[in-house]
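Biologist: I'd like a close look at one part of this model, if you have a minute. Here it is, so we can both see it.

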Amino acid sequence: MLHLRLIVPADTTDAVISVLESTVGTAHLVVLPGAARSPAGDVVMCDVAREAGDELIRDLRGLGLEKSGSITMENMELTLSDHADRAEEEAPGDSADAVLWEELTEATHEESTFSVTYVSFLALATMLAACGVMLDNAVLIVGAMAVGPEFGPLAGISTAVVQRAPRLVARSLWALIGGFALAMIITAGFAWLLDTVGLFQKSMIEAERPITGFIWQPDWMSFVVAFLAGIAGTLSLTSAKSGALIGVAISVTTVPAAANAAVAFSYSDYQQTVGSGQQLLANLGGIILAGTLTLLLQKGLWKVRRTRRPPASTPGASVGG
């Protein structure tokens, strides 16, 4: 279940209540007249089944509530109520398959911001991967993958394409391209510094690396793994199971490829630089393609499932109950 809290101008309250009461899957309606101070208005709260959340938000935005008041929705871990159980039964579709597009757009928008924090995490991950590459250490490579924040902009591009939001596409591309470019420049400087103090040597990047040599030798399996990871990552976002993102992060070689390219370039090893760049592009392209196709499929299947399932006999009965 989701909890919905609205700040509603007094002259819009009746229309909002009408929308809530006519929406299948809502329960526990509460109206607090004049309780809101900034902005001024009434506070309206209710619980709604996740599978009905996206349509309800769209209807509320149709009333202009996000401009005249506010719409806040949050996930509820536990709800013990027969009214809530009935609301979930009445709502068409399954909660596990429901996508809250507004929530997804907002989340990817925040994760796709070219900020100091984002660049810092990406640069630190790339430098950590550089150490893993030079030492041929799998533990450092896995750690670098887990630290990297690059899935946010990748998911932002996929979401923006499906939602036809060109501004989010531009924002995500800038975070992705600009972030990797800056992180690789910083990593090249980091490699030069460690070479100066004798911790890095050119022989390390040119040596046989049985554990990390694959990073600059891409093949079709690189794309396949990235594609599968993109599907898993997108599903974890849309189903609110963000814990799966850790597994996604450590299954693709975006950050290690960027690190290997930066270190190889600093030592004028252009063969590894080109190979690592190809690995990076294959992974980024596979994730974006998979994410976009997954969201399109989810959107299509959800529409078909909601259309085929017969509506509840008493819309909004759980609210009135």
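Biologist: In which sense do strand 2 and strand 3 pair, and over how many bridges? Once you've covered that, carry on to the helices, please.

Modeller: Sure, and keep in mind that this is a predicted model. Strand 2 covers residues 26–37 and strand 3 covers residues 40–48, and the two pair in the antiparallel sense over seven bridges. A hairpin of two residues takes you from strand 2 to strand 3. To find your place in the pair, look for Val-31, which stands opposite Val-44 in strand 3.

Now for the helices. Helix 6 runs over residues 116–135, so to speak 20 residues, and spans 28 Å from its first C-alpha to its last, close to the 28 Å expected at 1.5 Å a residue. Just after helix 6 comes Asp-136, with a positive phi of about 55°.

Further along, there's a helix pair to look at. The axes of helix 8 (residues 151–163) and helix 9 (residues 166–196) come within 8 Å and cross at roughly 160°. Angles over 145 degrees count as roughly antiparallel, and that makes helix 8 roughly antiparallel to helix 9. The crossing of helix 8 past helix 9 is left-handed. So who touches whom? On the helix 8 side you'll find Pro-153, Leu-154, Gly-156, Ile-157, Ala-160 and Val-161, and they meet Leu-168, Val-169, Ser-172, Leu-173, Ala-175 and Leu-176 in helix 9. Sort the residues of that contact by type and you get 10 nonpolar, two polar and no charged.

Terms used. Residues are numbered from 1 along each chain as its sequence is written. This is a predicted model: local features need pLDDT of at least 70, side-chain atom pairs count only at pLDDT 80 or more; totals for chains, interfaces and linings use all residues. Side-chain values use heavy atoms; hydrogens and water are left out. Axes are lines fitted to C-alpha atoms, for helices over the stretch in contact, and angles run from 0 to 180 degrees between N-to-C directions. Helices (H or I, at least four residues) and strands (E, at least two) are DSSP runs, numbered from the N terminus. Angles under 35 degrees count as roughly parallel, over 145 as roughly antiparallel, 65 to 115 as roughly perpendicular and the rest as oblique. A crossing is left-handed if the near helix is turned anticlockwise from the far one by less than a right angle, and right-handed if clockwise. Contact means heavy atoms within 4.5 Å. Ala, Val, Leu, Ile, Met, Phe, Trp, Tyr, Cys and Pro count as nonpolar, Asp, Glu, Lys and Arg as charged, and the others, Gly among them, as polar. The expected span of a helix is 1.5 Å times one less than its number of residues. Two strands pair if DSSP finds at least two bridges between them.
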